[in-house]
Amino acid sequence: MNCRDLQKGAILVPELPEVETTRRGIAEQIRGCRIEEVVVRNSRLRQQVPGDLDERLRGSTFQETKRRAKYLLLETTAGELLIHLGMSGSLRIVAEEEQQRTHDHVIWFLEGGRQLRYHDPRRFGLVTWAGDDPSQHPLLRDLGPEPLEQEQLGEILFDRSRGRNLRLRDFLLDPKVVAGVGNIYANEAAWQAGIRPDRRCGRISLQRYQRLGESIQDVLSRAVIQGGTTLNDYVQPDGEPGYFQHHFEVYGRAGEACSRCEGLIRRVVKGQRSLFFCSGCQK
DNA sequence: CCCGATTCCTGTAGGC
DNA sequence: TGCCTACAGGAATCGG
């Protein structure tokens with residue numbers, strides 16, 4: 001997808017596939033690396049970055065890098081870090097001589113001269129401690145199921161939607177319902193399943209939810225693969241955060257013809273957010 | 001509990 | 001050219 005294909009002002013946001021791609025991109029790069037120093041250049045993210053990062057992490061070693069929903073969990077021998085990319089965050093591994101950029105808020109100095117940098121212009125993300133039992137951290141405790149690890153995703157969504165009256169898109173965006181689906185993939189999955197994203201979620205049949213569950217998994221897993229191929233963007237000389245390129249069917253394509261039925265793609269703002277759907281084949 | 005509105009923030013684009 | 005405004009969005013929080 002090309003940037004000019006997007007609706008004006010639209011930008012690409014880290015959703016589950018982008019976070020997973022980030023995880024894959026840094027996991028083996030930092031595993032086993034000793035942390036020599038941590039510098040917090042700006043601690044004012046969505047939550048205050050803890051003041052004891054450097055004190056605690058100095059001399060420790062990175063271990064596994066895991067993901068839960070859109071959160072990254074960076075294990076170290078001194079404790080586990082919880083990182084969220086918000087809507088403009090990125091993590092990059094760079095050589096120490098690479099010039100720091102505005103909005104590089106947290107920098108881990110690794111042995112051997114490389115650095116892990118957390119970059120986030122809008123500061124909606126966070127870097128904090130995950131605690132002794134990350135699964136019980138307040139930000140992780142109530143998260144819904146991982147969509148790519150559920151065999152019966154459609155059934156789960158059907159069950160959780162009964163008796164509720166919000167729009168399907170807003171239902172899918174609720175992290176307590178399903179983890180890691182943002183506005184882009186909610187719209188894309190609804191298109192693939194042939195369901196209008198403004199349908200009331202409690203009035204959609206089990207059969208249609210089953211198709212939707214498959215669509216969510218298909219869209220997310222295809223995006224993970226595409227995200228993997230574009231990770232190279234992160235190390236381009238211009239240092240741009242490398243928003244991942246995808247081929248969207250509806251998102252940002254208002255006014256264009258649907259690839260499935262030649263109907264018109266519409267954009268409707270609901271709840272301060274854009275819905276994109278085909279007026280022909282989504283019911 | 002349910003659900004819509006508001007809030008945080010900055011880069012970008014469009015209007016004048 | 002430059003100023004001003006609107007808008008994008010994850011998720012916590014508030015209020016009806």
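# Salt bridges, rings and sheet in chain A

Lys-66 and Glu-80 form a salt bridge, with the closest N and O atoms 3.1 Å apart (a side-chain nitrogen of Lys or Arg within 4 Å of a carboxyl oxygen of Asp or Glu). This pair links distant parts of the chain, with Lys-66 in strand β2 and Glu-80 in strand β4, 14 residues apart. Lys-66 is partly exposed, at a relative accessible area of 32%, whereas Glu-80 is buried at 11% (buried is under 20% relative accessible area, exposed over 50%, partly exposed in between, with a 1.4 Å probe and protein chains only).

A word on the ground rules: this is a predicted model, in which local features need pLDDT of at least 70 and side-chain atom pairs count only at pLDDT 80 or more, while totals for chains, interfaces and linings use all residues. Residues are numbered from 1 along each chain as its sequence is written, chains are lettered from A and ligands numbered from 1 in the order in which they are written, and side-chain values use heavy atoms, with hydrogens and water left out.

## The chain as a whole

Chain A has 7 helices and 10 strands (DSSP runs numbered from the N terminus: helices are H or I with at least four residues, strands are E with at least two). Of its 283 residues, 52% count as buried. Take the contacts in chain A between residues at least 6 apart in sequence: 65% of them join residues at least 24 apart (contact means heavy atoms within 4.5 Å).

## The four-stranded sheet

Let us return to the strands that hold Lys-66 and Glu-80. Strands β2, β3, β4 and β8 form an open sheet in the order β2-β3-β4-β8, with antiparallel pairing (two strands pair if DSSP finds at least two bridges between them). Its edge strands are β2 (62–68) and β8 (126–129), each of which pairs on one side only. From one strand to the next, the twist averages 20°.

Strands β2 and β3 run antiparallel and are joined by 5 bridges; across this pairing, Thr-65 stands opposite Leu-74 in β3. The hairpin of β2 and β3 has 2 residues between the strands, and Ala-69 in this hairpin takes a positive phi near 55°. At the other edge, β4 (residues 79–84) and β8 pair in the antiparallel sense over 4 bridges, and His-84 stands opposite Leu-126 in β8.

Which helix lies across β2 and β3? Helix α1 (residues 16–30) does, running at about 170° to β2 (axes are lines fitted to C-alpha atoms, for helices over the stretch in contact, with angles from 0 to 180 degrees between N-to-C directions).

## More salt bridges

The structure holds 20 salt bridges. The table lists three of them, including the pair from the opening.

| Pair | Closest N to O |
|---|---|
| Lys-66, Glu-80 | 3.1 Å |
| Asp-104, Arg-101 | 3.9 Å |
| Arg-167, Asp-170 | 3.5 Å |

Both Asp-104 and Arg-101 are buried. In the pair of Arg-167 and Asp-170, Arg-167 counts as buried at 17% relative accessibility, while Asp-170 is partly exposed at 23%. Salt bridges with shared partners also join Glu-20, Arg-23, Arg-24, Arg-67, Arg-68 and Glu-146 into one network.

## Aromatic rings and their neighbours

Rings of Phe, Tyr and Trp (its six-membered ring) pair if their centres lie within 6.5 Å; planes under 30 degrees apart are stacked, over 60 edge-to-face and the rest tilted. By this rule there are 4 aromatic pairs. Phe-158 and Tyr-209 have ring centres 6.2 Å apart and planes at 70°, so this pair is edge-to-face. The two residues come from distant parts of the chain: Phe-158 lies in helix α4 (residues 153–161) and Tyr-209 in helix α7 (residues 206–229), 51 residues apart. Is Tyr-209 buried or exposed? Tyr-209 counts as buried, at 0% relative accessibility. Together with Phe-171, Phe-158 and Tyr-209 form one aromatic cluster.

Two arginines sit over tryptophan rings: Arg-56 over the face of Trp-129 at 3.8 Å from the ring centre, and Arg-260 over the face of Trp-191 at 4.0 Å (NZ of Lys or CZ of Arg within 6 Å of the ring centre and within 35 degrees of the ring normal).

## A look at Arg-141

Arg-141 belongs to helix α3 (residues 138–141) and counts as partly exposed, at 44% relative accessibility. Leaving aside residues up to four places away in sequence, Arg-141 touches Ser-135 and Gln-136. The C-alpha atoms of Arg-141 and Lys-176 are separated by 9.4 Å, with the two residues 35 apart along the chain.
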